[in-house]
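Visitor: Please take me through one part of this protein slowly. I would like to see which pieces come together there, and how.

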Amino acid sequence: MVRVPNVTRADALAAARNPLALIAERWTPAPRTVRRAALAALVMAVVIVVTGGAVRLTGSGLGCPTWPKCTDDSLTTTSAMGFHGVIEFGNRMLTYVLCAAVGWAIIAARSQKPWRRSLTRLGWAQFWIVMSNAILGGIVVLVGLNPYTVAAHFLLSTALIAVATLMWQRACEGDGAPRPLVGKAVQQLVWFLVTASVLLIAVGTVVTGAGPHAGDSSDVERMPLDWETVSKLHAVLAWIVVTLTFALWFVLKAVDAPKGPLHRTRDLFLILLGQGVIGYVQYFTDLPEALVALHMLGSCLVWIGVLRVLLSLRERPEAVADLPGPSTESALTRA
């Protein structure tokens with residue numbers, strides 16, 4: 001058993017001023033622990049998106065009709081609110097689980113030796129996105145599930161997934177200067193893929209905002225657009241993303257690229273195929289709730305896959321500290 005040092009009054013004051021620094025002094029996580037913490041934050045970011053979709057698909061968006069309380073008189077759901085209240089309040093509670101996962105990632109990154117300031121900043125960026133999205137989620141409820149605020153809520157969750165993916169990737173790398181693994185032309189092709197993917201996700205929120213799943217059993221405002229036309233535009237963008245991914249794989253093979261980018265591109269292509277099948281089936285079966293939820297999960301996985309392709313185009317070795325060389329005087333003395 002390792003003896004835990006006693007906490008003195010000075011320690012308590014230091015903890016009040018900077019608790020993360022105190023934890024870092026007393027705990028050094030293994031690199032594997034930091035990677036797992038970053039991955040846990042990413043998994044919870046995806047879970048909160050899928051459960052948020054479940055709230056909308058079950059018509060529970062106004063299960064708790066106000067915010068931050070569930071009702072004007074109760075912080076939690078009541079029995080009179082039934083199933084919809086439980087679903088909506090449960091999703092709100094998952095935000096605390098997400099905060100705990102992000103908090104663990106921040107603490108693990110801050111406690112790693114040597115301290116990687118860039119990794120810690122990515123953890124804090126996730127925290128502030130979560131806080132911003134919690135406030136925006138409250139606004140969504142207060143404005144009666146306005147589709148534009150719902151779209152913004154999802155896009156902010158997508159930004160959270162992007163930062164969480166970056167932190168997970170950075171936790172698996174060193175802090176050395178990035179070295180490209182492919183040429184400029186391949187990098188430009190990947191940036192086209194990223195841009196098309198962003199447009200695909202953005203148009204997907206418009207499909208949701210104009211579609212039949214309003215998120216509540218009552219009449220909720222929808223975006224004044226033809227749902228089928230927007231869905232076809234969404235499908236065209238999806239085919240563009242698939243085509244760019246397929247072209248990227250052939251280019252990487254042609255230039256004999258390292259296995260990392262090749263494998264990430266292959267994984268993305270397989271995810272896109274699965275997502276495309278789900279998308280077409282749900283379109284021709286009048287959007288069953290289960291398939292829509294699965295499509296939302298696929299959207300998160302596609303976005304993570306695209307980002308992993310982008311991040312695989314370079315490598316970052318461990319940073320090597322500059323060691324002072326022998327002085328001229330010492331060299332002459334030895335001579």
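Guide: Start at Leu 145, in the loop between H5 and H6. Keep in mind that this is a predicted model. Leu 145 is not a glycine, yet its phi is positive, at about 60 degrees. Most residues other than glycine have a negative phi.

Follow the chain into helix H6, which spans residues 147-171. What does H6 meet? One partner is H10. The axes of H6 and H10 come within 10 Å and cross at roughly 40 degrees. That angle makes H6 oblique to H10. The crossing is right-handed. On the H6 side, the contact uses Phe 154, Thr 158, Ile 161, Ala 162, Thr 165, Leu 166, Trp 168 and Gln 169. On the H10 side, it uses Met 296, Ser 299, Cys 300, Trp 303, Ile 304, Leu 307, Arg 308 and Leu 311. Sort these residues by class and you get 11 nonpolar, 4 polar and 1 charged.

Now stay on H10, residues 289-311. Turn to helix H7, residues 184-210. H7 and H10 pack at an angle of about 160 degrees, and their axes lie 10 Å apart. H7 and H10 are therefore roughly antiparallel. The crossing here is left-handed. From H7 come Val 190, Trp 191, Leu 193, Val 194, Ser 197, Val 198 and Ile 201. From H10 come Ser 299, Trp 303, Val 306, Val 309 and Leu 310. This contact holds 10 nonpolar residues, 2 polar ones and no charged ones.

H10 also packs with helix H3, residues 31-57. Here the angle is about 155 degrees, and the axes are 9 Å apart. H3 and H10 are therefore roughly antiparallel too. Their crossing is right-handed. H3 brings Leu 42, Val 46, Val 49, Val 50, Gly 53, Arg 56 and Leu 57 to the contact. H10 brings Glu 289, Val 292, Ala 293, Met 296, Leu 297, Cys 300 and Ile 304. The classes come to 11 nonpolar, 1 polar and 2 charged.

Some H10 residues turn up again as you go round. Trp 303 and Ser 299 take part in the contact with H7, and both also take part in the contact with H6. Cys 300, Met 296 and Ile 304 belong to the contact with H3, and these three also belong to the contact with H6.

Next, look for the empty space. How many cavities of 30 Å³ or more are there? The count is 1. About 30 Å³ of space lies in the largest cavity. Its lining is made of Phe 154, Thr 158, Ile 161, Ile 201, Ser 299, Cys 300 and Trp 303. H6 and H10 each give at least two of the lining residues. You have met these names already: Phe 154, Thr 158 and Ile 161 sit in the contact of H6 with H10, and Ile 201 is on the H7 side of the contact with H10. By class, the lining has 5 nonpolar residues, 2 polar ones and no charged ones.

Compare that lining with an open site. The second largest pocket has a volume of about 220 Å³. It is lined by 13 residues, and the closest to its centre are Gln 112, Arg 116, Glu 173, Gly 174 and Glu 318. Its lining divides into 5 nonpolar, 2 polar and 6 charged residues. The cavity lining, by contrast, has no charged residues.

Finish in the loops, back with the backbone. Most peptide bonds are trans. Where are cis ones found? One joins Trp 67 and Pro 68, with omega about 5 degrees. Pro 68 sits in the loop between H3 and helix H4, residues 82-111. Another cis bond joins Lys 113 and Pro 114, with omega about -5 degrees. Pro 114 is in the loop between H4 and helix H5, residues 117-142. From H5, the next loop leads to H6, and there you find Leu 145 once more.

Note on methods
Residues are numbered from 1 along each chain as its sequence is written. This is a predicted model: local features need pLDDT of at least 70, side-chain atom pairs count only at pLDDT 80 or more; totals for chains, interfaces and linings use all residues. Side-chain values use heavy atoms; hydrogens and water are left out. Axes are lines fitted to C-alpha atoms, for helices over the stretch in contact, and angles run from 0 to 180 degrees between N-to-C directions. Helices (H or I, at least four residues) and strands (E, at least two) are DSSP runs, numbered from the N terminus. Angles under 35 degrees count as roughly parallel, over 145 as roughly antiparallel, 65 to 115 as roughly perpendicular and the rest as oblique. A crossing is left-handed if the near helix is turned anticlockwise from the far one by less than a right angle, and right-handed if clockwise. Contact means heavy atoms within 4.5 Å. Ala, Val, Leu, Ile, Met, Phe, Trp, Tyr, Cys and Pro count as nonpolar, Asp, Glu, Lys and Arg as charged, and the others, Gly among them, as polar. On a 1 Å grid over the protein atoms alone, a cavity is a set of points where a 1.4 Å probe fits but cannot get out, and a pocket is an open set with protein on both sides within 12 Å along at least five of seven lines; lining residues have an atom within 4 Å of a point. Grid points are joined across faces, edges and corners, and a volume is the space filled by probe spheres set on the points.
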